[in-house]
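Good morning, colleagues. I would like to walk through one structure with you, beginning with its pocket and then turning to its charged side chains.

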Amino acid sequence: MIDIHSHWIKYPGHVTDAFVEEASIARGRPVDLNILPEDYLKAMEPVEKCVVFGMKACLSGFYTPNEDIAAFASYAPEKIVPFMSVDPTEGDFLDDFDHAYHDLNLRGLKLAPMYAGFDPNDRRLDALYARCQKLGVPILYHMGTTFVRMAPLKYSRPFLIDEVARRFPELRIVIAHLGHPWEGETLVVIRKHPHVWADIAAIYYRPWQFYNSMILAQEYGVTGKILFGSDYPFSTPAESAQGIRAINRMVEGTNLPRIREESIEAIIERDGLKSLGLR
Ligand SMILES: [Zn+2]
């Protein structure tokens, strides 16, 4: 297994108290957002490689220095694939990118339009996209919903990525979380763009929505564009694989269609790093 979507967060440090409070209210219990390297590595035992990122989104009280994520990867350099993050609302975000790429050797980029409060099609980002396309740096966008009150949902609609991909057709892109709850938008975007993918992280624990999304993916013939990710620490790779494999359980004994077992296994076994040109 390749885990294309995992988080590392240091608290206190990378997130504000207000962010942790909102996360805890959303979950209905106190959320521990301080992830210890040993816990992370234990959870990642079943995977061959794992993409890990923080997030830079000043608007939402989230800020992971790229130095920190590069240092975290040194706990298991043969396994952890660290992605940088930049916040395009910061004036020096291109310098931030250059530093992370050239000095810290970070080869992927996490962007969070809703959490940071920017439109993915804001022309100020064109220079960033051009650099990523030229250097072969894939971009993983957090698209879809959130519990953060001040994060604008309008910047999180998956169809916004269509325009990015039309303008930068060689750019490798992942739409995270299948863009939930707008999975339909995500599926039509990944269907038409060869280099746009989606990850399945954190979708299985809303089983009815997950099932319907996968039926739609099957009907559009795009299950081959879906990559495996866990969204650790919110779920481990083992829990995610188990949850994904359980998808047909709720339709047992009914005439409802099933998700093909071979499509499910292919998602779990797909080499997302290869899809993104990182091998
Ligand atoms: Zn995530």
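**Pocket lining and salt bridges**

In this predicted model, the lining of the largest pocket comprises 14 nonpolar, seven polar and five charged residues. That makes a lining of 26 residues, and those nearest the centre of the pocket are Arg27, Tyr115, His142, Phe147 and Asp231. The space inside amounts to about 610 Å³. Which element supplies the largest share of this lining? Helix H1, residues 17-27, does so with four residues.

Let me now turn to the salt bridges. Side chains of opposite charge can pair when their charged atoms come close. Across the whole structure, the search returns 17 salt bridges.

One of them joins Lys56 and Asp96, with an N to O distance of 2.6 Å. Lys56 belongs to strand S3 (residues 56-57) and Asp96 to helix H4 (residues 93-103), so this pair links distant parts of the chain, 40 residues apart. Are these two partners buried or exposed? Lys56 has a relative accessibility of 3% and therefore counts as buried; Asp96, at 13%, counts as buried as well.

A second pair is Glu185 with Arg157, whose closest N and O atoms are 2.3 Å apart. Glu185 sits in helix H8 (residues 183-192), while Arg157 sits in the loop between strand S8 (139-141) and helix H7 (160-167), so the salt bridge ties together parts that are 28 residues apart in sequence. Here Glu185 is buried at 16%, whereas Arg157 is partly exposed at 28%.

Finally, Arg123, Asp126, Glu163 and Arg167 are connected in a network of salt bridges.

Methods. Residues numbered from 1 in each chain as written. Predicted model: local features only at pLDDT ≥ 70, side-chain atom pairs only at ≥ 80, totals over all residues. Heavy atoms only, no water. 1 Å grid on protein atoms, 1.4 Å probe; cavity = no way out; pocket = protein on both sides within 12 Å on 5 of 7 lines; lining within 4 Å. Points joined across faces, edges and corners; volume = space filled by probe spheres on them. Helix = DSSP H or I, 4+ residues; strand = E, 2+ residues; numbered from the N terminus. Nonpolar A, V, L, I, M, F, W, Y, C, P; charged D, E, K, R; others polar. Salt bridge = Lys/Arg side-chain N within 4 Å of Asp/Glu carboxyl O. Buried < 20%, exposed > 50% of the residue type's maximum accessible area, 1.4 Å probe, protein only.
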